[in-house]
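Reader: I am in my first year and would like to look closely at one part of a structure. Could you take me slowly through what surrounds a strand or sheet, and explain each term when it comes up?

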Amino acid sequence: MATEFRIPELGENIKSGDLVKILVKVGDSIEVDQPVIELETDKATVEVPSPVSGVIQQINVKEGERVNVGQLVLTVNGAGETAKPAEKASAEQGPGKDASFAKKETAKQEAAGSEDTRPLEAKQGEAPRMTSIQAQAHPVAAGATETSPARPSRAPVEPEADSETEGGVPVPAAPSVRRMARELGVDVRQVHGSGPGGRISAEDVALFAKSIITGVSGRLGMASPPLPDFSRWGAVERHKMSNIRRSTAEHLSRAWNSIPHVTQHDETDVTHLKELRKQFGSLAEACGGKLTVTSVALKVVASALRVFPQFAASVDPAANEVVYKKYCHIGVAVDTDRGLLVPVVRDVDRKNILQLSSELSKLAAKARDKKLALEEMEGGVFTITNLGGIGGTAFTPIVNLPEVAILGMSRASIKPSYRDGKFEPRLMLPLSLSYDHRLIDGADAARFLRWVAEALEQPFLLPLQG
Amino acid sequence: MVQFAVAAVSDRRKLLKNEIRRSETAATAAKMHHYPKDRRSEAKSRNMSETSNSTELVVIGAGPGGYAAAFLGADLGMKVTLIGTDKNPGGVCLYCGCIPSKALLHVAKLLHETKQAADWGIRFAEPKIELDKLRGWKQSVVNKLTGGLGTLSKQRSVRYVQGKAAFLDSQTLNLQRSEGGEEKLAFGHAIIATGSRPAKVPGLSLESSRILDSTSGLDLPDIPKTLLVIGGGYIGLELGTVYASLGTKVTVVEMTGGLLPGADRDLVLPLSKRLEKIFDSILLNTKVTAMTEEAKGIRIKLEGEGAKNPEMVFEKVLVSVGRKPNSDIPGLDKTGIRVNAKGFIQVNPQRQTDDSKIYAIGDVAGEPMLAHKATHEGRTAVEAIAGHKVAFEPRAIPAVVFTDPEIAWCGLTETQAQAENRKVAIARFPWAASGRAATLDRNDGVTKLVIDPATERILGVGIAGPGAGELIAEGVLAVEMAALATDLALTIHPHPTLSETVMNAAEIFFGTATDFYRPKKV
């Protein structure tokens, strides 16, 4: 039986990616979960594992090609063993239920009217295990079935007239705007409204339509005046921006444009901490990690966030609300050869420093090896960026929207410190805290950074106060 | 990005410009597909006495939905045939509905005000009612408007046929012309706009000139001494008001616990209070179980809360228990059209039936059965036929009851929000605080906004008071444009007018209305 493998759901708002590398060739025998292609999306480069096993019959994509979610990648001949959830789903859904796209799924559900097709997510059990994202198998044989993406697909759905409501409230768009959307083939329900009360303007619809066409999420991109002709002054070379670079540029522009930034600087004495790191470094290595200042800072910040919860909050200006998070996932900026990536360490508050060290080492390695899953870069409440390994005395990091604060660390250096009537050489670490002044007052920021500085100075304060 | 938007707009303009050319192409295509020569000659040879014609668009029914569709079709360059039952287009709305009833209600209002004027120091003698002249004036209004529609049809080269249509198949109609003669009419597209007719009380059929429906009631055959109105909906209350103002003692029987079922109670309250004075009695939770004709009138048997006298005799009885869609069109079974259990033709958002070349609009295509809804649907259907991507997707269809006071609402009602368990904020501005209402000696009105508390967006508007039907238009616009309460509060409204009450209600929402003091909650 021939089994198809199509590009799976790649995450929210991601419909396509550049196929960087094909890791297999026709005739190869592949296993379930074996990486078969490398995709670069707006957010990251990911290896997509196969949800099926067997011998590759045909490869339907080329390196360098832009591929869309749902596109056929390859067909496998052989046992046709698919990932577990696929079998489970097929057993429960019965034959002939094609549920690969929301559109088809809705149609089928209406047609069948059966309730057991509805809770697909619940039925699917655990999501397929893989390096990056969910994948799905598409067996070709008639009557065979397939899994459905755990996350609802964003495949374009034919706009239905009488259902343009969100939670019972009709979509806030004027009749002229709704008509324009219809003419452009845009489902007005999917358009983000930039006006008061989320009202959707004609421009919002046009931007949305453009973003569909170009695949750019538009709006706060890099609208800038036309560039001069640089070749007037010397030779130039043009390179295409990578997806990660473009996405970083958009994200940071958006953050810079929407957040009133202030950066608070401070210094902490890490002389004692350095001794402790030396003393316990081997312990961390035994656990597969490295006892770095960053891993200690993770723990310190997690404790600080408990004392100052507004530093882990988000601002919802549309609703005039502040969102406080009851979880503590912290992002750590990692410098890779493809650009800046921010893996997120989960539940920092519930892990000890040794666990954090080893997890951080693994995440950083994954980021550099392009193995980071999208999920591993989502859900942070705060970000730490440490440039100390490179140098510098201070900098002003940009807050990682929708977070409200980011802690920057520079290079520690020996400085004379005046204590008990004399100067002493102490190892001083510069700290820079950028924060969203909409939510955080200067005094609170100073207090927060002082708290972090003191905890790094005297790690015993953590169990004492944290 | 801006450039893109501009491009989109200019594209749309181009689309409109190309309209005529496009529909010409459509016409050519239609001819090729639907009227092959051999079929036409075949038809001729079968029955030489019949004429055979073709049209790009045929509209069956010439009410506000039908003629609007026909006129837009013509404006977009289509060859259009419009079929109606009367001499000119107009339908129920113009001949025996909205228009004549509003003419009579205008008279009723005047009669009432002459009485009320006594409070203001002006005393009129008892009015002398010349029924023939009144009827004549009402008819002149109808004739003027329907005649105007006839002229508009000619100006647009819409072929208006007075007669009856029956489907022969999915692309041919048989027309029975009122002037005599039949014809076959092949069509590219058809729009069914056959409207509705008064419903009868099940199990209470009685053929008598004493039994009126909305149509015969508007004919004003005479002014009865007593009138029983069966059904406390808008038709019964409007006509009841007319008859009461002319001197008839009116009794209303309503099956449910309140007048105007479905409307918000706080809007109905000022009306019920006033109607209690104008009408002889209003019997709620009461049912008519039998009607028999006697020499002096119709004997009625009642059951329920209001049946204190279980038997009563009325000179006339007006049956106003709703309307039924006219979907029993001959030959409908020869098409792919489906009719649902309530008798409405099934349509999609473009108002297309299950037979792809046939559309249905207005009362026959579903609730609410309102002229302005039919007009909008008619235009939508024609645009869809012309190849535009459109859909019937109103956020608010206004409803107006032309009683005194008028009641009007649009969008989400409070009743509906409660039924759906939706959280809404209500802002009410009582007209007792309106200067304009005071000058009219009418402080019984109320203007209210139904607001989404999360976004402060206007989801619905309800108004009770004189002129509510005119005032509601602003509410419809607010709902359609997704206006926020702030938008209404910050829009300057002219003083002194009743329209200010809309702005005032928005101010009430924010607790800062100039003309109304609400003590702060502590």
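Author: What follows looks at strands and sheets of chain B, with a helix residue of that chain in between.

This is a predicted model, in which local features need pLDDT of at least 70 and side-chain atom pairs count only at pLDDT 80 or more, while totals for chains, interfaces and linings use all residues. Residues are numbered from 1 along each chain as its sequence is written, and chains are lettered from A and ligands numbered from 1 in the order in which they are written.

Let us begin with strand S2 of chain B, residues 80-84; helices (H or I, at least four residues) and strands (E, at least two) are DSSP runs, numbered from the N terminus. S2(B) is largely enclosed by the rest of the structure, because 5 of its 5 residues are buried, where buried means that 20 or more other C-beta atoms lie within 10 Å of a residue's own, exposed means 12 or fewer, and partly exposed is in between, with C-beta atoms placed from the backbone. Val80(B), Leu82(B) and Gly84(B) point to one side of S2(B), whereas Thr81(B) and Ile83(B) point the other way, and all are buried. S2(B) pairs in the parallel sense with strand S3 of chain B, residues 159-169, over 4 bridges; two strands pair if DSSP finds at least two bridges between them. Within S3(B), Tyr160(B) is the bridge partner of Leu82(B).

A residue of a helix makes a useful contrast. Ala103(B) belongs to helix H6 of chain B, residues 98-116, and counts as partly exposed because it has 18 C-beta neighbours inside 10 Å. Leaving aside residues up to four places away in sequence, Ala103(B) touches Lys138(B) and Val141(B), a contact being two C-beta atoms, placed from the backbone, that lie within 7 Å. The C-alpha atoms of Ala103(B) and Val142(B) are separated by 9.2 Å, although these residues are 39 apart along the chain.

Further along chain B, an open sheet of 5 strands has the order S17-S18-S21-S20-S19, with antiparallel pairing. Its edge strands, S17 (399-401) and S19 (425-430) of chain B, each pair on one side only. Inside this sheet, strand S18 (residues 406-411) and strand S21 (residues 457-465) of chain B pair in the antiparallel sense over 6 bridges, and Glu406(B) stands opposite Gly465(B) in S21(B).
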